[in-house]
Amino acid sequence: TLAWRNIWRKKWRSALTAVAIALVVLLTLVYFGLVGSSQNGAYQNITQNSGHMQVHVAGYRDIRDFDDLLMDDADQLEASLLEAIAASSDVDAERDSELITNPQVSTVLEVPGLLEGDGRSRGVILRGIDQPDTVRQRYAAENLTAGTLPEVGDIESIALGDKLATALDVDIGDTVYMYAPG
């Protein structure tokens, strides 16, 4: 009884306290919702085009020599992965039927380098991706704003993001130079 009487004695103070608590709870919910959705979005964006599993050499984060980062038995590893995916029995067959009937492996080579165009340069991660055609077409449809992706085996062409092309002051067809260690 004493607590209720104390709450109603100063109505403005009680109302202000309730509004402050409600505002803090609301802002906390919005914050955690935004953080959670951005984490989900980042995860979906990464796994949509590169897959749910990545294979690296042991200790790849600490290795500085580029040659030590390369996998000598990549073809054998790819074949083993495809066999393991096809033989997997713990995958939900209805949900992942596309994965089971058509497992795909994309190989990626990433090299730190310097890209230069029209007198401007930027440090970048040069990424060469050998993607299956279905993944390549989906990626191009969703992300390409101008031009085309380089053809398989074309070592003269590259694809740049809008911001990098603007930073280098280059357009489609312009020449850029890339420098990479090794």
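Two strands count as paired if DSSP finds at least two bridges between them. That rule underlies the strand views below, all drawn from a predicted model.

**Figure 1. Overview of the fold.** The model is predicted. The protein holds 7 helices and 3 strands. Read from the N terminus, the order of elements is α-α-α-α-α-β-β-α-α-β. The protein has 182 residues, and 13% of them count as buried. Buried here stands for under 20% relative accessible area.

**Figure 2. The β1–β2 hairpin.** Strand β1 covers residues 107–117 and strand β2 covers residues 120–130. The two strands run antiparallel and are joined by 11 bridges. Two pairs mark out the ladder. V108 has I129 of β2 as its bridge partner. L115 faces R122, also in β2. Between the strands of the hairpin lie 2 residues.

**Figure 3. D118 in the hairpin turn.** What is the sign of phi at D118? Phi is positive, near 55°, and D118 is not a glycine. In general, most residues other than glycine have a negative phi. D118 sits in the loop between β1 and β2, in the turn of the hairpin. Is D118 buried or exposed? D118 counts as exposed because its relative accessibility is 55%, and the exposed class starts over 50%. D118 returns in Figure 5 as a member of the negative patch.

**Figure 4. Strand β3 against β1.** β1 also pairs with β3, in the antiparallel sense. This pairing spans 3 bridges. Which residue of β3 is the bridge partner of L114? The partner is Y179. β1 thus has two pairings in these views: 11 bridges to β2 and 3 bridges to β3.

**Figure 5. A negative surface patch.** Four aspartates form this patch: D118, D169, D171 and D174. D118 comes from the loop between β1 and β2. D169 lies in the loop between α7 and β3. D174 is placed in the loop between α7 (162–168) and β3 (177–179). Patch members need over 30% relative accessible area. D118 clears that cut-off at 55%, D169 at 41% and D174 at 43%. D118 is classed as exposed. D169 is partly exposed, and D174 is partly exposed too.

**Figure 6. Backbone of D169.** D169 has a positive phi of about 60°, although D169 is not a glycine. D118 is another non-glycine residue with a positive phi, near 55°. Both residues belong to the negative patch. D169 counts as partly exposed because its relative accessibility is 41%, which lies between the buried limit of 20% and the exposed limit of 50%.

**Figure 7. A positive surface patch.** R5, R9, K10 and R13 make up this patch. R5 belongs to helix α1, residues 2–9. How accessible is R5? Its relative accessible area is 58%, so R5 is exposed.

**Figure 8. A nonpolar surface patch on L23 and its partners.** Which residues make the nonpolar patch? The members are L23, L26, L27, V30 and L34. Together they make a patch of about 490 Å². L23 is part of helix α2, which runs over residues 11–50. Why can L23 belong to a surface patch? L23 qualifies on area because its relative accessible area of 47% is over the 30% cut-off for patches. L23 is classed as partly exposed.

**Figure 9. M53 and V105.** M53 is placed in the loop between α2 and α3 (66–69). M53 is exposed because its relative accessible area is 52%, over the 50% limit. How far apart are M53 and V105? In sequence they are separated by 52 residues. In space, their C-alpha atoms are 9.7 Å apart.

**Figure 10. G153 and D130.** G153 is found in the loop between α6 (133–143) and α7. G153 is exposed, at 70% relative accessible area. D130 falls within strand β2, residues 120–130. The separation of G153 and D130 is 23 residues along the sequence. From C-alpha to C-alpha it is 9.4 Å.

How values were computed
Residues numbered from 1 in each chain as written. Predicted model: local features only at pLDDT ≥ 70, side-chain atom pairs only at ≥ 80, totals over all residues. Heavy atoms only, no water. Patch = residues over 30% accessible without salt bridge, like charges linked within 9 Å, V, L, I, M, F, W, Y side chains within 5 Å. Areas by Shrake-Rupley, 256 points an atom, 1.4 Å probe, with all protein chains shown as cover. Salt bridge = Lys/Arg side-chain N within 4 Å of Asp/Glu carboxyl O. Helix = DSSP H or I, 4+ residues; strand = E, 2+ residues; numbered from the N terminus. Buried < 20%, exposed > 50% of the residue type's maximum accessible area, 1.4 Å probe, protein only. Lys, Arg positive; Asp, Glu negative; His and termini not counted. Charge placed at Lys NZ, Arg CZ, Asp CG, Glu CD.
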